[in-house]
Every structure is written in structure tokens, then in C-alpha cells.
Amino acid sequence: MDTISVTVHPAEEYLRNEQNPPVLYVKIYGERRKLFINRGRGNVVGIIAKGKRKHGYIFSDWSHIEKIYYPSQEKEDEKDMDRKMILKYQKLARLATHTNDWLRKIAAADLEKSLYENRITTGTAIDGKCIRLSTIEKYCGSWDMQRFRQAMRNKEKFSTLRFDFCGYDGTLWCEPRENGDMAAGFSKEYRNCSNGYYYLLINDEFMIGYDID
């Protein structure tokens, strides 16, 4: 009698192996989704529903899995992303005509650590996000931008009043340090509030993500 061999998808095989964690991320229909297995409850494999953190439904669409994100590979991908982000900050910082402790941290950053671990950012969703000074100028006005650039050259303290920036309150500022360094940044805060998104001047043309409060 002929036997019919059933090919088990590698993702299912991984989940059914009790030596592995009971969850696994996969790419399906172009999206990163989370599979799980209810061990001890019939070993049913499920997928977390979109927009949910814990609730899901039975999964059987193995043929449409485009990629498996094994935990070890995820760590490598994350490490590679951290390295690329550090290199981005370093590339932009090399164009700066001012200096400060933050820029020196960027230059000396350990490529095996994240921006947060290198104390370059606080580790938020705006890491690596850039805003051009020319974009800020459209909202604060050419006069304030001219005064900002002049203050940077003269190593003087300067700050704009709050101005409308895409529905937020924007503030552009710079100030000298005792050792002759210059620090500068841009705040994008919620209306009439002291919370928002904070960027630091990484070179003469770009602000880059630093913190969210």
C-alpha cells in the first residue's frame, strides 16, 4: 500500500517542537504577523488578530507565508539595524561645523551597541528621523532662521517664540557651553503643553531625533 507523505511547513514544525518558544513571527501577505501554539490544548496553531495583542484565531494558511523570522535571525536583523542607524548618525555628524559632547559621543559610538546604549538617543520611534532646517524655516520664518544661524556662528544663545509647526508648537534654539561648544535643537510639542518630540542639530542642515516626552 502506498503511503502519502505530508510535508509540514517549517514554521509549523518549529512551533510543534516543544524545545522552541510557543510563538513565532512570520511574513504573510506582506505583513509581519505573530503565530502561536496552544500547547496542552490540542496543540492548535493560531495567529494573533490585527490590532490585538493576545486574541487570535486558528491559522492554516501555511502556503502564503513569505518569510520566517526565527528568534536568532531577529536578533541579527536588529543588530544590523542598530549598526546602520549608528552609521547614519556618524555620516551626518561629520558634516557639522560645530561640536559638543553629543556629537563626540556619535563619533566614538560602539557599532555593536544601539543608539540608546551609546547614550546618543533615549531610544524612541523618532531615532534617525531628520527634519531639514529649510523645512523649519517655512514655519518659523526666514528672519528667525537667519538669527538662529548667526547665533550658531557667533556662539550666542538664541531661542524663537513658539510657532505653528504642522499642528504642533515649534521652538528652535541654540546655546553655548562653557568649553566653547554649541548645542542646538528643535522642539515639536503638543499645543500649550511641555510634551512632544525633541530633535538635536546634527549638522548645518539637519535636526535628528533624540527624545519623546
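User: Between which angles do two helices count as roughly perpendicular, and what are the rest called?

Analyst: Angles under 35 degrees count as roughly parallel and those over 145 as roughly antiparallel. From 65 to 115 degrees the term is roughly perpendicular, and the rest are oblique.

User: In this predicted model, which term describes how α4 and α5 lie to each other?

Analyst: Helix α4 (residues 133–140) packs against helix α5 (residues 142–154) with the axes 7 Å apart and at an angle of about 130°. The two helices are therefore oblique.

User: How many nonpolar residues does the contact of α4 with α5 have?

Analyst: On the α4 side the contact uses Leu133, Ile136, Glu137 and Cys140, which meet Ser142, Asp144, Met145, Phe148 and Arg149 of α5. By class, 3 residues are charged, 1 is polar, and the nonpolar ones number 5.

User: Which strands stand at the edges of the open sheet, and why is one side of each left without a neighbour?

Analyst: The sheet has 5 strands, paired antiparallel in the order β4-β3-β2-β1-β5. Each edge strand has a single partner strand, so one side lacks a neighbour in the sheet; these strands are β4 (56–58) and β5 (65–69).

User: What is the bridge partner of Ile28 in β5?

Analyst: Strand β1 (residues 23–28) pairs with β5 in the antiparallel sense over 4 bridges. For Ile28, the partner in β5 is Ile65.

User: Is Lys157 buried or exposed?

Analyst: Lys157 sits in the loop between α5 and β7 (158–159). Beyond its neighbours within four places in sequence, Lys157 contacts Cys174, Glu175 and Pro176. Exposed means over 50% relative accessible area. At 66%, Lys157 is therefore exposed.

Conventions: Residues are numbered from 1 along each chain as its sequence is written. This is a predicted model: local features need pLDDT of at least 70, side-chain atom pairs count only at pLDDT 80 or more; totals for chains, interfaces and linings use all residues. Side-chain values use heavy atoms; hydrogens and water are left out. Two strands pair if DSSP finds at least two bridges between them. Axes are lines fitted to C-alpha atoms, for helices over the stretch in contact, and angles run from 0 to 180 degrees between N-to-C directions. Contact means heavy atoms within 4.5 Å. Ala, Val, Leu, Ile, Met, Phe, Trp, Tyr, Cys and Pro count as nonpolar, Asp, Glu, Lys and Arg as charged, and the others, Gly among them, as polar. Buried means under 20% relative accessible area, exposed over 50%, partly exposed in between (1.4 Å probe, protein chains only).
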